[in-house]
Each structure stands twice: as C-alpha cells, then as structure tokens.
Amino acid sequence: MQTNLKKSLYLGLAALSFASVASVTANSSNANAAKKSAAAKKVTYKTTNKNLDQSVTFKSTGKNAVYNKAVGKRSVVASLSDMKSKANSNSTKDLFMAYQEGVTSKGVHYYKVVSFDKKVRGFVYNKGVAKTNTTVAANKPANATGYLTNTNRFFNKAYGSQFKTSLKNDYKGMNIAADQFTVSDAVKVNNDQTYYYVTDKNNQLINGWVNSAYFSNTITDAAKNATNSANAIHVKYVDSSNLGSVLMEKNLNPANLSSTGTYSNTDVNNAISNSLVGTGFVNPSSVSSSVAKGGNVTVVVSKGATEYLSTNNFVPFSVANVGNVNQSTAQNADLSNKMSTLQLSSDQWKSLFQGSKNQTFNFNNFEASLLAPGKAWNQFTIGTKTYTYNANFTRDSNKVSLNDGTNGKRDMTYDEIATGKFNIYYDVKDNNSNQASNNGNMSNDQYQAQQRVNNAVNDFNNGNKQLSAVVTKDYPSAQAVLDDIAASKLNNSDVNALKDAAQSSKDEAAKTQSAQKQAAKSLISNLQSKVNDGIVKDVNIQNHNNNTLELHYTNAKNNTENKTSVDNITNGYTSTVLGAISSDASKAILNYMSHYNINQINVSNNTVKDLKGNVVDSNFNF
C-alpha cells in the first residue's frame, strides 16, 4: 500500500511538473509570436531620389490628401477636399513642384511636394499629383515691335510655367521706359495669361518674359517724353526791362522736325509764342534762322499790359430743361442787373478783376470769392425764381482749346475775357411750383453733344435713314457719330437707329480697311521677293501731296530705271516685271504715309523704312 502511494505521488508530481513546463513554454511562444507580428506591421519609408527635376510641374488629381509625413503618425497638410479644389483650379498658386520621391516598405510611392505659393508642403501619394504642361504656344502680336507700360516685371521664365520663376531685378532703376522692345516668342500659361519674350532694341542684354498686358504698339507717355526731350530746343526768356534777368527756361518741341533734324524759324517762333500763353508775358523777339534739335535759343519778352475787367465781362445764363432734348440756355438780363451792383473793396477789385495780358485768369480765386455758397454771386432770388450757381457747366463752357494739335484745353486769359465774354451758368428754381429747371447734373460738353446728336437725328430721318446724310453734313466719320452719342447719353429709338447705322458703317469700313492692309502687306512681300531674287533693286514708293502714289524701281537685269504712272498705281496697275498692284494695296499704303506725313518709303530685301530711317509697320497700322 505504501508502495502504491509513493507511485501515485511520483506520478502526480511528474504530471504537475510537466504541466508547469508546458505552460511556461506556451507563454514564451505566444510572446515571441506577438513580437514578430508587431515587427511585421511597422511600415518604413525610404527616400529614393532627393534631386528631382524642379522644372517639371505637377497638378493635383484630386484623389489624395497631402500629409506632413509619408508613414507613421501623421497629420493632414492639405485635405482631400482642398486637393480636389486645386485639381479644378487654373490658378498658378495651386500648381506643385515635386523635389523628392520615395517608397514605403509596402511598396507605396510618394512625392514630397510644395505648392507654387509655398503654402502647402508635404508628402502625397504619387497618384495624387500628375505632371502637367503649364504652357502652350501663343500667337505673337501682329506688330512685334512696341513699348512696355511696366518695365519692372521681367521674369526669367513665363510666370506660372515653373516653380522657380523669378523677377529679373537687374533692370530696376534703368531708364528703359522709352525703349522699343521686340517680341520673339509667346506662350500661354496655366491661368490663361499670355507672356511675351521681349528684347530691348537698344540693348540686347535687356530681355525676359513679360505679361502681354504690359506690351503695346502704342507709344507710351514715357517714350513720347523721351522723344520730345531728345528733339526739344531749349529756350531762355529774358525780361526786356532787365536784359540780365532770365525769367524762365523751357524745353519746346516745335512742329515739323525736318529729316535733317532742324526746325524752321517760323515753327520755332510759333512754338515760343504758344509757350507764353498764360505767363503774362508777350512780344517775344523773333528767331530769324532754323534751329537744330537740342539747340539753345534766347528771346526777349515784355510784361503784358494790365487788363481791367468789369462785371460786364461776366455774362449770366440760366439753363432750362436739363437732360431733355429741348434743354436750352438763355442769357439773363435780370441776373446781369443784379451782378452789376457788386460792391468790393479796392484790394478785392484788383485781386479778382485785374491781371496782365496773356496771363491766365485766376478763376479758382474768383470762384471762391464770388461764386461759392454764401458769396455775392452764388445765388439770386428774382420774383418767384431762385438762381443758383452751376460750377460744372460754368467751368466746362469757358475752356479754350490748346494750339498744339492735341485735344487739351486751358483756362482763359485776362485779355481773352476783356475782348470776349466769360459765361456764368445758373440753375433755376420756381418757388411757386418748387421745381428746379436744372438739377445741375449735366456738363456743358454733354449738353452740346445732345444738341449735335438731335440735329443729326433730324438729318438722318429726313435723309431716308441713310448715314451719308449725317456724315457728309454733321460729322466727319461714323466713329465721330458714335462718340457723340456716347457723350450725349441720349437713349431713344431715333438715336439708337442712328447709332446702329453708324456702327454698321464702321464695321464695314473696318473690313474694307483690313482687306486693303492685307493687300498692301502682300504687295510689299512681293516687292521684297523680287529684290531677293535679283529682279529689281532701288525700290521706293513716293507719296504725292497725300493724294496719289508713284512706284520707282530699277530693273536689275538691264539696269534701267522705271516708274509707274501716278494714276495707274493708285487705281491698280499691272507690270510685266512686278506683276499686279491692286488699288486696295495702294489705298492702305497711301493712308499710312499720309497719316504719318511720310513722303517716301524704301523697300529692301528685309525691311521697309522711310527717309528718316524709321521702320514702317509691315501691317500698315496707325
């Protein structure tokens, strides 16, 4: 029995020991398996290329967000919604540059990207962005030579075409605003902006990409000023009462600079006389010979005689029915009588009514002293009506056109008021009806335009609604009709009918002019081909009195000089050497030469220039 008990104890202990060992072994195995599983789940990332081509541009596909890290605990830099928005954007700032790429331990490829505006930087799945072409070829301007309205926006690449697009600061501070630039390339970028590659004609080292909005064939004010400065003469004005006293100095640009760079004495004297208007000085000594541009001139001038104005030189008008086709102005004798009773001190009369001949009338002082609210001539009540000064109407009505070929205007001088009249306009209010005859919201220019348009409408209707009835009598062109209608602000069926006829005529004229310019361009191209082929030489086209053309050339084979009949080239001409010359081509060339007062253009194998060496626009635009 004892023996059996011992065996039982041994067996029990053995079983217990086995169970303990088995339990320890099982726990150890489970722990190792967990460690192996955890190790298998950890994802790593490796950069495979740190130097991607940064000139390549990417665009969001809208399929993935951008994160601060490729793997691990990461945060969103640009959400999926943001990236979808960028995918549909045409803005340059929403494009991307990828500068690194890598792959996770699971084989997932990522780009490290930065947006063009540098506000988004991080990792994106490589299907979240795609390479894109940010530029397409664009048309260069028809006339590839022009001016820049902004010379501080040169880029090394068309802005928006690449991430590393930068301003070229080398030219800042350089005096290039007056220079001409030539366009040699053009592209349209992602945001539909067109950029031109331009080069300064005066300095080939000045170049770059500029927004097409800054390029213009129209000469800029800076270029005009530079040209005027280069062509100006310098005038000193000496006081006749003290010849040692230089009163002032001015740079003037007389009319009609000759091909040799000189101005006639007549044009110089006219320019000097015009320059004295408003100064209070008169009678400049005469220049007896021509003056070269850049030359110096000294003239002696005298102080203008004193002009004494009176209340009679200021004529009051009342304005009725403003804004209506029957708007009218009328001189008002009652107001004249009221104004004639003006009482001022001796100093005030001198300050307001006295000045020198050729001196600008000080209207600002006059208006502030007599016409401003509360002043003597601001408002009058006569019977049942109240008259109130209308500043806009008065100012517009008393301007004088400048004598310089521009549309500018100036204030009147004391002597012009003394020998003529200065009109003052008043709004009228009927105190019984409490209605104003004039609300003061119309300028004199608008009023005058309305009168002209209404007259034109009558002629148009009486002329079977033919524009010729208006253009031949009331206006020089269809464009002038349109301009006056716009200035008048009239809008009714009769005016609109006239407007439609003028617009139709303008459009038809534009088509005709376009065809003529194309014919002229083809003619010049044909002439240049003949020169290149050695058929003709010494080709030139002469303008006779802005009326007819004459074509001269030398037959290169037999060295004989030839010229067309003046009438032939103007009406169309066929030459056995040159071929056909259409009247359309002649008209476009004649219009161009007449507009710029060009007497002759010379045609070589690759250029067309006038006698001064200026390049003629090959499209004959002006």
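Two strands are said to pair if DSSP finds at least two bridges between them. The exercises below apply this and a few similar ideas to a predicted model.

**Exercise 1. Find the strands that pair with S10, and state in which sense they pair.**

Step 1. Begin with strand S10, residues 145–148, and strand S11, residues 181–189, which are joined by two bridges and run in the antiparallel sense. Within this pair, Gly-146 stands opposite Phe-181 of S11.

Step 2. Turn next to strand S14, residues 215–216, which also pairs with S10 over two bridges in the antiparallel sense. Here the residue opposite Leu-148 is Phe-215 of S14.

Step 3. In general, the strands of a sheet pair through backbone hydrogen bonds, and they may do so in a parallel or an antiparallel way.

**Exercise 2. Describe the open sheet that contains S16, and name its edge strands.**

Step 1. Four strands make up this open sheet, in the order S16-S15-S20-S18, and their pairing is mixed.

Step 2. The edges are formed by strand S16 (242–252) and strand S18 (281–282), because each of them pairs on one side only, given that pairing requires at least two bridges.

Step 3. At the S18 edge, the partner is strand S20, residues 296–303, and these two strands pair in the antiparallel sense over two bridges. One of the residues to look for is Phe-281, whose bridge partner in S20 is Lys-303.

**Exercise 3. Decide how helices H13 and H15 are oriented to each other, and list what makes their contact.**

Step 1. The axes of helix H13 (residues 493–532) and helix H15 (residues 583–595) come within 7 Å and cross at roughly 95°.

Step 2. Since angles of 65 to 115 degrees count as roughly perpendicular, H13 and H15 are therefore roughly perpendicular to each other.

Step 3. From H13, the contact involves Gln-516, Lys-517, Ala-519, Ala-520, Leu-523 and Ile-524, while H15 contributes Asp-584, Ala-585, Lys-587, Ala-588, Ile-589 and Asn-591. Sorted by class, these residues are seven nonpolar, two polar and three charged.

**Exercise 4. Carry out the analysis for helices H6 and H7.**

Step 1. Helix H6 (residues 346–353) packs with helix H7 (residues 363–371) at an angle of about 135°, and their axes are 9 Å apart.

Step 2. An angle over 145 degrees would count as roughly antiparallel, and H6 and H7 are therefore oblique to each other.

Step 3. The contact is made by Ser-351, Leu-352 and Phe-353 of H6 together with Asn-365, Phe-366, Ser-369 and Leu-370 of H7. Four of these residues are nonpolar, three are polar and none is charged.

**Exercise 5. Explain what is notable about the phi of Asn-256 and of Asn-283, and say whether each residue is buried or exposed.**

Step 1. Most residues other than glycine have a negative phi.

Step 2. Asn-256, although not a glycine, has a positive phi of about 65°, and it is found in the loop between S16 and strand S17 (262–263). Its relative accessibility is 56%, so Asn-256 counts as exposed.

Step 3. Asn-283 likewise has a positive phi, of about 55°, without being a glycine, and this residue lies in the loop between S18 and strand S19 (291–292). With a relative accessible area of 58%, Asn-283 is exposed.

**Exercise 6. Judge where the model calls for caution.**

Step 1. The protein chain averages a pLDDT of 84, and 88% of the residues score at least 70.

Step 2. Over residues 13–19, however, the pLDDT is below 50, and this stretch has zero contacts in the model beyond near neighbours in sequence.

Step 3. Where pLDDT is low, the predicted coordinates should not be read in detail.

Key. Residues are numbered from 1 along each chain as its sequence is written. This is a predicted model: local features need pLDDT of at least 70, side-chain atom pairs count only at pLDDT 80 or more; totals for chains, interfaces and linings use all residues. Side-chain values use heavy atoms; hydrogens and water are left out. Axes are lines fitted to C-alpha atoms, for helices over the stretch in contact, and angles run from 0 to 180 degrees between N-to-C directions. Angles under 35 degrees count as roughly parallel, over 145 as roughly antiparallel, 65 to 115 as roughly perpendicular and the rest as oblique. Contact means heavy atoms within 4.5 Å. Ala, Val, Leu, Ile, Met, Phe, Trp, Tyr, Cys and Pro count as nonpolar, Asp, Glu, Lys and Arg as charged, and the others, Gly among them, as polar. pLDDT is the predictor's confidence in each residue, from 0 to 100. Buried means under 20% relative accessible area, exposed over 50%, partly exposed in between (1.4 Å probe, protein chains only).
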